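Visitor: I'm new to this structure and would love a close look at just one part of it. Could you walk me through it?

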Amino acid sequence: MRLRRRKCMPSCASNRRVDEDELYWDGKKHDEDSAWSHNSAHVISQLAQCFANAMVGPRTWIGGIFSRSGNKRFGSGKFLDYTLSPIQEQRLQTLQERLGLPFDETRLDHQEALRTLWDTAFPNVKLKGLISEQWKDMGWQGANPSTDFRGCGFISLENLLFFAKTYRVPFHRLLFKQGGKRAAWEYPFAVAGINVTFMLIHMLDLYSAKPKCLPGLNFVKILGEDEEAFDVLYCIAFAMLDAQWLAMRASYMEFNEVLQVTRTQLERELSLEDVHRMQDLPAYNLLYQ
């Protein structure tokens, strides 16, 4: 199957046009009917592994995805220099400490967070254990979701849990793939969520002492006013990813392209002069559709 060129972002987002070459990948042909000849359970397992490699694969592979959106992409073309306010510096440091915390399956609070995620996602289904085939229903690679956190650590679980608790309707819409014309082979929800966390960390340049890109600078300003800014941005980004997925009529092989287009649009929206809160982002409305 050859995907047709699409010229517009989803109308439910910011309705801004993007370059055609951002939404067109040259000459790819995929035969979805013959690509996978095994049963659906095997397909989902293979697909989840493909997405997980985006986080735990070689650094050169990861760089290949994100180097197309460098720090100089938005703004004056120069690295930005600015002074953080005390509250901005404090909250950025707190966020960076969260980034450095690995998921530890032996910690009771981490175990409890994982159970809470399940209970929020499937309130009427009893979880049999922290290691269970049930986790595959949420889009984890296997029976033990802790193995999927090695790419982003505990914050990726915190992001999913925040999404589930704060925006339950869009969370379940994405989890159960509701709305729109869906592909034969959809992205696995949980592993895609970890990829969103990973993308945001790099897009905002959060491993630096202070971000040196315009979207990162504006994010830090918002963070100074709202300590939950990163978690809210995660929810917006995940909802935008799903909207892009539908607009591009994507399937499993196009996940990286959809993630890249999502990043590009988020960078643009975070570079707007009139964005002072996460609620000011045009894509914020996706959480209420």
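How many of the 8 residues of helix α8 (residues 168-175) are buried?

Guide: Happy to! Please keep in mind that this is a predicted model. In helix α8, which spans residues 168-175, 6 of the 8 residues are buried, so the rest of the structure largely encloses this helix. Buried here stands for a relative accessible area under 20%. The residues of α8 that meet this cut-off are Pro170, Phe171, His172, Arg173, Leu174 and Leu175. What do they pack against? Their partners are α6 (108-121), α7, α9 (189-203) and α11 (229-247). Just beyond the helix, α8 is followed by lysine 177, which has a positive phi, near 55°.

Now for how confident the predictor is. Helix α7 (residues 154-166), one of the partners of α8, has the highest confidence in the protein chain, at a mean of 98. The lowest is found in helix α4 (residues 59-66), with a mean of 32. Over residues 1-77, pLDDT stays under 50, and the model has 136 contacts beyond four places in sequence for that stretch. Across the protein chain, the average pLDDT is 79, and 73% of the residues score at least 70.

Two cysteines are also worth a glance. Cysteine 213 is buried, because its relative accessible area is 4%. Cysteine 235 is buried too, with a value of 0%. As for disulfides, a search of the whole structure finds 0.

How values were computed: Residues numbered from 1 in each chain as written. Predicted model: local features only at pLDDT ≥ 70, side-chain atom pairs only at ≥ 80, totals over all residues. Heavy atoms only, no water. pLDDT = per-residue confidence, 0-100. Helix = DSSP H or I, 4+ residues; strand = E, 2+ residues; numbered from the N terminus. Contact = heavy atoms within 4.5 Å. Disulfide = S-S within 2.5 Å. Buried < 20%, exposed > 50% of the residue type's maximum accessible area, 1.4 Å probe, protein only.
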